[in-house]
Amino acid sequence: ESGRIDVSFDTVDLAALLRHIVTIFTPQCADKRVTLEWDAERQLPAVRADASKIALVLTNLVSNALRYVPAGGAIRLGVDVYNRLMHVRVSDNGPGIPLEFQSRIFERFMQVPGGHEGSGLGLAISKEIIKAHGGAIWVESSPATGSTFTFTLPLSTKE
């Protein structure tokens, strides 16, 4: 409500954090017959972040994907490094977001009409957390083919 996010920066092993998120969501995905994919064996550089806040962002993104992906669908977590930034992706093959709502999806209380119930705050909070980390967050989506939410985090200076 205050518009201020308190972050406690540390060197974070993003691979361990992603494994934790996958562990949390595996039972829910199995219940819905949704595949949750990520290459857990991949070596990743450390990031400068608040692990609990980034876990909240990942939880928001994966739970949103799970809410929209139909049974038999898939959610994929991906990570790439470009120009000292970690790019973290959460992709799904759900119904996608209509183009007219994509530019507003990170606004507080914004909900896509006809979508599932929720407060409309998860993506707005995620955006503020990522901004507090010096990163960016965006969505790429096509109706009927799914959505990919990507956010960036700076690599740790200890690398």
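This is a walk through a predicted model, from one enclosed strand to its neighbours, then to the helices and the salt bridges.

Let us start with strand S7, which covers residues 146-154. Nine of its nine residues are buried, so the strand is largely enclosed by the rest of the structure. If you follow its side chains, they split between two directions: Gly-146, Thr-148, Thr-150, Thr-152 and Pro-154 point one way, while Ser-147, Phe-149, Phe-151 and Leu-153 point the other way. Both sets are buried.

Which strands pair with S7? One is S5 (residues 85-92), which runs antiparallel to S7 and is joined to it by eight bridges. To find this pairing on your screen, look for Leu-85, which stands opposite Pro-154 of S7. The other is S6 (residues 137-142), also antiparallel to S7 and joined to it by six bridges. Here a handy landmark is Glu-140, whose bridge partner in S7 is Thr-148. S6 and S7 form a hairpin, with three residues between the two strands. Within that turn, Ala-144 has a positive phi of about 75°.

From the strands we can move to helix H4, residues 122-132. Its buried residues are Leu-123, Ala-124, Ser-126, Ile-129 and Ile-130, and they pack against H2 as well as against strands S6 and S7. H4 also carries a salt bridge, in which the side chains of Lys-131 and Glu-128 meet at 3.9 Å, N to O. Why can these two residues be partners? They are three residues apart in H4, which means that about one helical turn separates them. In an α-helix there are 3.6 residues a turn, so residues three or four places apart point the same way. Both ends of this salt bridge are partly exposed: Lys-131 has a relative accessible area of 49%, and Glu-128 is at 30%. Just after H4, Gly-134 takes a positive phi of about 80°.

H2, one of the elements that H4 packs against, also has a helix partner of its own. How do H1 and H2 lie relative to each other? The axes of H1 (residues 14-32) and H2 (residues 51-68) come within 10 Å and cross at roughly 25°. Angles under 35 degrees count as roughly parallel, and H1 and H2 are therefore roughly parallel to each other. Their crossing is right-handed. On the H1 side, the contact includes Leu-14, Leu-17, Leu-18, Ile-21 and Phe-25, along with Gln-28, Cys-29 and Lys-32. H2 contributes residues including Ala-51, Ile-54, Ala-55, Leu-58, Val-62, Leu-66 and Tyr-68.

Finally, let us return to the salt bridges. How many does a search of the whole structure find? The search finds four, and the Lys-131 and Glu-128 pair in H4 is a salt bridge we have already met. Another joins the side chains of Asp-50 and Lys-53 at 3.8 Å, N to O. The cut-off for a buried residue is under 20% relative accessible area, so Asp-50, at 6%, counts as buried. Lys-53, at 22%, counts as partly exposed. A further salt bridge brings together the side chains of Arg-89 and Asp-80, at 2.6 Å, N to O. Arg-89 is partly exposed with a relative accessible area of 27%, and Asp-80 is partly exposed at 22%.

Key. Residues are numbered from 1 along each chain as its sequence is written. This is a predicted model: local features need pLDDT of at least 70, side-chain atom pairs count only at pLDDT 80 or more; totals for chains, interfaces and linings use all residues. Side-chain values use heavy atoms; hydrogens and water are left out. Buried means under 20% relative accessible area, exposed over 50%, partly exposed in between (1.4 Å probe, protein chains only). Helices (H or I, at least four residues) and strands (E, at least two) are DSSP runs, numbered from the N terminus. Two strands pair if DSSP finds at least two bridges between them. Axes are lines fitted to C-alpha atoms, for helices over the stretch in contact, and angles run from 0 to 180 degrees between N-to-C directions. Angles under 35 degrees count as roughly parallel, over 145 as roughly antiparallel, 65 to 115 as roughly perpendicular and the rest as oblique. A crossing is left-handed if the near helix is turned anticlockwise from the far one by less than a right angle, and right-handed if clockwise. Contact means heavy atoms within 4.5 Å.
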